[in-house]
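Student: I have a protein model open in front of me and would like to learn how to read it. Could we go through some features together?

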Amino acid sequence: MDIASLGGELLGQIPLGDIVLYLTPFNLFMFAAVLIFTLLIAISRTETQVETEFGTLGNRRVEVDRAEFRIRRFLAVVCGLATAGAMITGDLFNFTLFVALIGIVNIGIVAAVRQVEVLDAAFQYGLIAMMASLPLFGGAALVLGSSGTLSLLELSRMGGNPMMIFATLLILMGVVGETGVAPFYATKAEMFRTPGSPFILIIHLSSLLVIVRAIEVLLIAGL
């Protein structure tokens with residue numbers, strides 16, 4: 001499928017050796033949105049979470065200490081930059097690398113939390129993310145084997161075939177597992193109850209934008 005029919009007029013390309021970034025109004029909007037949100041995370045401080053204690057009428061304040069704050073802010077910024085890269089990359093393999101990096105740092109954002117249920121949820125999400133890497137990179141390998149290229153600009157000029165459609169379905173399965181959306185959302189739901197907003201919000205934003213971008217990429221490669 002033509003790139004312009006999905007993201008609007010092709011505004012330009014940024015060749016970085018074998019890595020080629022392309023710019024359309026659709027991609028630029030998502031790229032700018034992620035960068036703005038990442039900047040807000042970099043300069044913001046976390047809020048204090050208040051939890052009701054079971055069996056009593058008291059409340060318990062949950063705060064993020066300085067060491068944990070620095071680690072989680074760094075990983076949240078990395079997640080934002082990886083999401084921004086996934087928005088404008090014109091190479092299918094680099095897109096899968098950015099998605100895999102997002103899955104890794106999402107685990108790290110909550111891994112510093114000293115709560116058993118949160119760590120258990122992060123562990124289960126990590127298992128799903130590791131298993132999802134097989135169809136994610138396997139689908140990209142099938143695209144390369146059946147078309148001879150991983151460039152989205154070149155793939156948009158080719159017609160789809162059954163092998164390409166199967167490969168894009170594998171990539172979609174991998175993206176769903178890495179970002180933890182339905183039906184794998186249950187493994188990540190407990191992670192969102194952790195203290196540390198807005199660090200947790202970047203997990204939501206990255207999942208949403210990566211899925212939208214993945215649909216565009218798969219339409220380009222498969223049709």
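Student: Which residues touch the most other members of the largest nonpolar core?

Tutor: Good place to begin, and keep in mind that this is a predicted model. The largest nonpolar core has 51 residues, and M87, L92, F95, I109, V143 and V175 touch the most other members. Two or more residues come from each of these elements: strand 2, helix 2, helix 3, helix 4, helix 5, helix 6, helix 7 and helix 8.

Student: Which helix gives the most to this core?

Tutor: That is helix 8, with twelve residues.

Student: Let me pick one core residue. What is L92 in contact with, leaving aside its neighbours within four places in sequence?

Tutor: Look for heavy atoms within 4.5 Å. On that basis L92 is in contact with A140, V143, L150, L152, I171 and V217.

Student: Now the overall picture. How many helices and strands does the protein chain have?

Tutor: Count eight helices and four strands. Along the sequence they follow the pattern α-β-β-α-β-β-α-α-α-α-α-α. Of the 223 residues, 47% count as buried. Among contacts with a separation of 6 or more, 71% are between residues 24 or more positions apart.

Student: How can I read a single helix, and how many residues does helix 7 have?

Tutor: One way is to set its span beside the expected one. Helix 7 has 18 residues and reaches 26 Å from its first C-alpha to its last, close to the 26 Å expected at 1.5 Å a residue. Its buried residues include M164, L170, I171, V175 and T179. After helix 7 comes G180, with a positive phi near 70°.

Student: What lies 3.0 Å from the backbone oxygen of T179?

Tutor: A polar atom of the side chain of S207 does. You will find S207 in helix 8.

Student: Why does S207 count as buried?

Tutor: The cut-off for buried is under 20% relative accessible area. S207 counts as buried because its relative accessibility is 7%.

Student: Let me try that cut-off again. Is T83 buried or exposed?

Tutor: T83 is buried, with a relative accessible area of 1%. This residue is found in helix 3. Not counting residues up to four places away in sequence, T83 touches V34, I102, S206, L209 and V210.

Student: And I43, is that residue buried or exposed?

Tutor: Here the cut-off to use is over 50% for exposed. I43 is exposed, with a relative accessible area of 64%, and its place is in helix 2. You can also set sequence beside space: I43 and R73 are 30 residues apart in sequence, and their C-alpha atoms are 9.3 Å apart.

Student: What about rings: how many aromatic pairs does the structure hold?

Tutor: The structure holds one aromatic pair. F93 and F137 form this tilted pair, with 6.1 Å centre to centre and 55° between the planes. F93 lies in helix 4 and F137 in helix 5, so the pair ties together parts that are 44 residues apart in sequence.

Student: How do the two rings stand on accessibility, and what is the relative accessible area of F93?

Tutor: F93 is partly exposed, with a relative accessible area of 36%. F137 also counts as partly exposed, at 27% relative accessibility.

Student: Last one: what does the accessible surface of the protein chain come to?

Tutor: About 10,900 Å², of which 69% belongs to carbon and sulfur atoms.

Note on methods:
Residues are numbered from 1 along each chain as its sequence is written. This is a predicted model: local features need pLDDT of at least 70, side-chain atom pairs count only at pLDDT 80 or more; totals for chains, interfaces and linings use all residues. Side-chain values use heavy atoms; hydrogens and water are left out. A nonpolar core is a set of buried Ala, Val, Leu, Ile, Met, Phe, Trp, Tyr and Cys residues joined through side-chain atoms within 4.5 Å. Buried means under 20% relative accessible area, exposed over 50%, partly exposed in between (1.4 Å probe, protein chains only). The expected span of a helix is 1.5 Å times one less than its number of residues. Accessible areas come from the Shrake-Rupley method with a 1.4 Å probe; for residues, only the protein chains shown count as cover. A polar contact is a pair of N or O atoms within 3.5 Å; within protein, one must be able to donate a hydrogen and the other to accept it, and residues adjacent in sequence count only if both atoms are side-chain atoms. Rings of Phe, Tyr and Trp (its six-membered ring) pair if their centres lie within 6.5 Å; planes under 30 degrees apart count as stacked, over 60 as edge-to-face and the rest as tilted.
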